[in-house]
Amino acid sequence: MAGRPAEGDTADNERLLEDHRDGAPVLPYRALWGVLLLGWVVSYADRTVTGPVIAWMIETESGFIGDASNPATVGGLVGSMFFLGYMLTQYPGGRLGDRYGHREMIIVSLLAAAVLTVVSGLMTGLVAFVAARVLTGLGEGVFYSNDRTLIINHTPVAKRTLGLGVVITGLSIGLTLGIVLTPVLIDWGTALGLGDGAWRMPFFVFAAGTFVVVTIAFAFFRARLGGAMRLGAPFAQLALFSAPTFVVIVALFLLADSLEWPEWATATIASVIALVYIAVIVRSVQRSGRGAALLNRNMWLIYVAYIAILWNLWFFSFWSVQIVREAAESSLLAAALTAAFNAGAGILGFPVGGWLADRAIRSGRGRKPLALVCTAVYSVLVLAFGWSISGGREPSLALLGLLLFCSGVFFNALQPIVQGMTGDLVPATERGAAFGMLNLVSEIGAVLSPVVSGILRDATGSWASGVYLAAGIMIVSFFLYAMVREAPAHHEDPIPA
């Protein structure tokens, strides 16, 4: 992963550090927030589209999912393969950003998302589709750690958590667009005569939007944040790492498909691959002498607790449309509009969580109490949602939408709060690696959540068991956050370019 910093980094560091100590914004940071927010919108729309597409295939009994004997399990497995790829580039993406530049990795990630979303829409079989989604996940996996680091490094200290919250509202917007527009775009594809291939239309439309955003981001970074960019080296390093990872993941799915072993066995093997990879990365970090910063008690508590956030995020993001459709016996479009209340709640929750956390820091109270409150309230609301769809009840769309929205506000507020805690617990030079490690470990939740929930649905005939499991995992995270010793915010840390 070694590399040479881009030319001009030393001078940029000195200028940025001087501005930072004066308390002045180091660049038009709100414009940076806007560009990164757009990146979140398109990258999350690109990945969210899979869930509603699979729900459509199940409903119409078409495509390469609809004719399966256990479609929820197979569909969940597709999502889990994507997130296994997404997970395994989290830490390398952060390290590459620390070495080659965080803005360079953002551009590489968005380009990969655009191209591979088009490729996903062109696939004609299940295995080929899975391969395309795995590659998409490997490319998108480098976005998070570099985005979080850019915000913290180039935002005034007093507004850091607000910035983290504002930018990540793009996640909610992207989720909402992916959930709501996918059925509409499929209907458009049907009207255009695509027939059983109408599911391809959302992939093509969302990919076009991603190409527009990557053009905007490239122009902004080049003009306002460091000048010319060299993308060849970071892309080559990412490709070098991703190639064997891609082969392992697709080989696992091919074996599962050809040998027809149970989907739970595939999920178990995927988990073992993830754990082995985490062990290799942890060993590498310890040998490098950076274990004291990245692998101390506080960091491990946050890494493990954050598994609950990714589990719940992708349980509801992947399956909420299908859950609402089955529970309320509604149409796919009505279910998508209702499920969108959960995704859209982040538009309020993310910035409010960041704003409250910054106020707490300024008052000397710290972020942890807010994290505990958000975790507790969210857990109670999810338990209520599970109860509403259990026991053969047929809840109204209004009740489901209300519960999804209210729980979503607290859930999304929690994320920038914990991310702010994470950024303050490590030196500025290690933030890319720290956020990469955070998502590396926590993505275990995203890898397992879609397929485990699908297995539970096919086994029990209800989504309630999956909802209760998600709530239980979140309750465990409450006690882990309670044990974290929060660090004071860094007021004069050096800012890498």
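Me: In this predicted model, is Glu329 buried or exposed?
Reply: Glu329 belongs to the loop that runs between helix H16 (297-328) and helix H17 (332-344), and its phi is near 50°, a positive value in a residue other than glycine. Since a residue counts as exposed over 50% relative accessible area, the 61% computed for Glu329 makes this residue exposed.

Me: Is Phe211 buried, exposed or partly exposed?
Reply: Phe211 is placed in helix H12, where, leaving aside residues up to four places away in sequence, it touches Ala114, Val115 and Val118. The relative accessibility of Phe211 is 36%, and the class between the limits of 20% and 50% is the intermediate one. Phe211 is therefore counted as partly exposed.

Me: What separation do the C-alpha atoms of Phe211 and Val42 have?
Reply: Along the chain, Phe211 and Val42 stand 169 residues apart. In space, the distance between the C-alpha atoms of Phe211 and Val42 is 9.1 Å.

Me: How are H11 and H12 oriented to each other?
Reply: Two packed helices are described by the angle between their axes and the distance between the axes. For helix H11 (residues 169-191) and helix H12 (residues 200-224), the axes come within 7 Å and cross at roughly 120°. An angle of this kind lies outside the 65 to 115 degrees that count as roughly perpendicular and is not over 145, the limit for roughly antiparallel. H11 and H12 are therefore, relative to each other, oblique.

Me: Which residues in H12 do the residues of H11 meet?
Reply: The crossing of H11 and H12 is right-handed. From H11 the contact draws on Leu177, Gly178, Leu181, Thr182, Leu185, Ile186, Trp188 and Gly189. The residues in H12 that they meet are Met201, Pro202, Val205 and Phe206.

Me: Is Thr117 buried or exposed?
Reply: Thr117 has its place in helix H7 (residues 102-122), and, not counting residues up to four places away in sequence, it touches Asp46, Arg133, Thr136, Phe203 and Ala207. Because its relative accessible area is 0%, and the limit for the lowest class is under 20%, Thr117 is buried.

Me: How far apart in space are Tyr44 and Leu175, C-alpha to C-alpha?
Reply: Tyr44 is found in helix H2 (residues 29-48) and is buried, with a relative accessible area of 3%. Beyond residues up to four places away in sequence, the contacts of Tyr44 are Leu171, Gly174, Leu175, Leu313 and Trp314. One of these, Leu175, is 131 residues from Tyr44 in sequence, yet the C-alpha to C-alpha distance between Tyr44 and Leu175 is 5.8 Å.

Me: Which residue lies over the face of Tyr44?
Reply: Tyr44 also takes part in a cluster in which ring pairs link Trp40, Tyr44, Phe143, Tyr144, Trp314 and Phe435. At 4.0 Å from the ring centre of Tyr44, the residue lying over its face is Arg47.

Me: Which residue lies over the face of Trp387?
Reply: Here too an arginine is placed over an aromatic ring. At 4.0 Å from the ring centre of Trp387, that residue is Arg393.

Me: What kind of aromatic pair do Tyr144 and Phe435 form?
Reply: The structure holds 18 aromatic pairs, and in the one between Tyr144 and Phe435 the ring centres are 6.2 Å apart, with 80° between the planes. This pair links distant parts of the chain, with Tyr144 in helix H9 (residues 143-154) and Phe435 in helix H21 (residues 431-460), 291 residues apart. Tyr144 and Phe435 are both buried. Given that planes over 60 degrees apart define the class, the pair of Tyr144 and Phe435 is edge-to-face.

Methods:
Residues are numbered from 1 along each chain as its sequence is written. This is a predicted model: local features need pLDDT of at least 70, side-chain atom pairs count only at pLDDT 80 or more; totals for chains, interfaces and linings use all residues. Side-chain values use heavy atoms; hydrogens and water are left out. Rings of Phe, Tyr and Trp (its six-membered ring) pair if their centres lie within 6.5 Å; planes under 30 degrees apart count as stacked, over 60 as edge-to-face and the rest as tilted. Helices (H or I, at least four residues) and strands (E, at least two) are DSSP runs, numbered from the N terminus. Buried means under 20% relative accessible area, exposed over 50%, partly exposed in between (1.4 Å probe, protein chains only). A charge sits over a ring if NZ of Lys or CZ of Arg is within 6 Å of the ring centre and within 35 degrees of the ring normal. Contact means heavy atoms within 4.5 Å. Axes are lines fitted to C-alpha atoms, for helices over the stretch in contact, and angles run from 0 to 180 degrees between N-to-C directions. Angles under 35 degrees count as roughly parallel, over 145 as roughly antiparallel, 65 to 115 as roughly perpendicular and the rest as oblique. A crossing is left-handed if the near helix is turned anticlockwise from the far one by less than a right angle, and right-handed if clockwise.
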